[in-house]
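Please open the model in the viewer and keep the selection panel at hand. The tour proceeds by selection, with a brief account of what is found at each stop.

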Amino acid sequence: MLNADLISKWIEDVNGWIDPPGCESSFVSRPVHPGGCYTVGIVHEHRFAFYFWGLHAIDENSPHAVLISVDAHDDVGVPDEVIPDDLNNLNISNRTELGLFSWLRLRSLNDGHILPALYLDFFSDVYVLQNGRQDSPAFKTLRAEQQQTDSSGRIHTVKFYQDTVKLLSNLPQDCPVYLDIDLDYFAIDNRNAGSVKGSEDLVPDKEIRSFLSISGPLLGPILNRIVGLTIALEPEYCGGLVNSLHVLNILNEELFEGTLCTDSCKWKGTANK
């Protein structure tokens, strides 16, 4: 039988570059700018994006960015989920500890990882883009904004939008952007299935490609400001793994030359081709 001492030794001995289960790291050339690269974090469950956000926050070469989170749901969380003792004791520079915290401490429903990230000052502010279709989960539950005080007493604001143009018009000029995309943004309710989870349909491919286009309504205006990217597969909310991977494939085709998780992958439009 395994015991706590043995497990602790495993954790101490683990290679510091091993990502948590269900996570993949892909290093890609920065869009537009010559030279440099950053991590694209691919996560199965959305709360593990917190792991990659933490790694970005402690990178001395990375500027303090705003987070734009594209999601079908409100994954911000509620103030009661921000427990200062837990967060203050988290050693962000320890990848294993950061991964375990993302797995075991954050909400297993994958809807409470943004406020803890703001408490730790991972980002300056957050802009959440939720699907405005009438058959999207967020259509009737959109709120205006929410605030979170960080461990140093600074106030961070989360703003919610269902319109890309309005979001971009309120985004500070020239600020670095960390982009977070939950693929269930492109899922809609299957009315014939009632409330059965995992029965969602996808919006038409043409609509997905238009939104994710490198010159599209969201990516085009911020492309030269992106400093990081997380992608959440969330197959249970995309209508299954096949649907989720289908959207991921479109995203890969629209945003990158080559394939994510290979050495040859780079953003379309990179200057260092």
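**Aromatic pairs and nonpolar cores**

Begin with the aromatic rings: a search of the whole structure, which is a predicted model, yields ten aromatic pairs. Select F50, F101 and F122, which together make up one aromatic cluster.

Next, select F256 and W267. Within the largest nonpolar core, which has 46 residues, these two touch the most other members. Helix 9, residues 241-255, is the element that gives the most to this core, contributing five residues. A second core, separate from this one, comprises 34 residues; among them are V43, Y51, L90 and V126. In soluble globular proteins, nonpolar side chains tend to be buried together.

Now display helix 9 alone. Its buried residues are S244, V247, L248, I250, L251, N252, E254 and L255. A distance check between the end C-alpha atoms gives 21 Å, in agreement with the span of 21 Å expected for 15 residues at 1.5 Å a residue.

Finally, move to helix 2, residues 49-57, and select F52, which lies in it. Is F52 buried or exposed? Its relative accessible area is 4%, so F52 counts as buried, the cut-off being under 20%. Leaving aside neighbours within four places in sequence, show the residues in contact with F52: D19, C23, E24, S25, T39, G41, I42, V43, Y178 and T230. One of these contacts, D19, is 33 residues from F52 along the chain, and the C-alpha atoms of the two are 9.3 Å apart. Another contact of F52, V43, is included in the second core.

Terms used:
Residues numbered from 1 in each chain as written. Predicted model: local features only at pLDDT ≥ 70, side-chain atom pairs only at ≥ 80, totals over all residues. Heavy atoms only, no water. Core = buried A, V, L, I, M, F, W, Y, C linked by side-chain atoms within 4.5 Å. Buried < 20%, exposed > 50% of the residue type's maximum accessible area, 1.4 Å probe, protein only. Helix = DSSP H or I, 4+ residues; strand = E, 2+ residues; numbered from the N terminus. Expected span 1.5 Å × (residues − 1). Phe/Tyr/Trp six-rings, centres within 6.5 Å; stacked < 30°, edge-to-face > 60°. Contact = heavy atoms within 4.5 Å.
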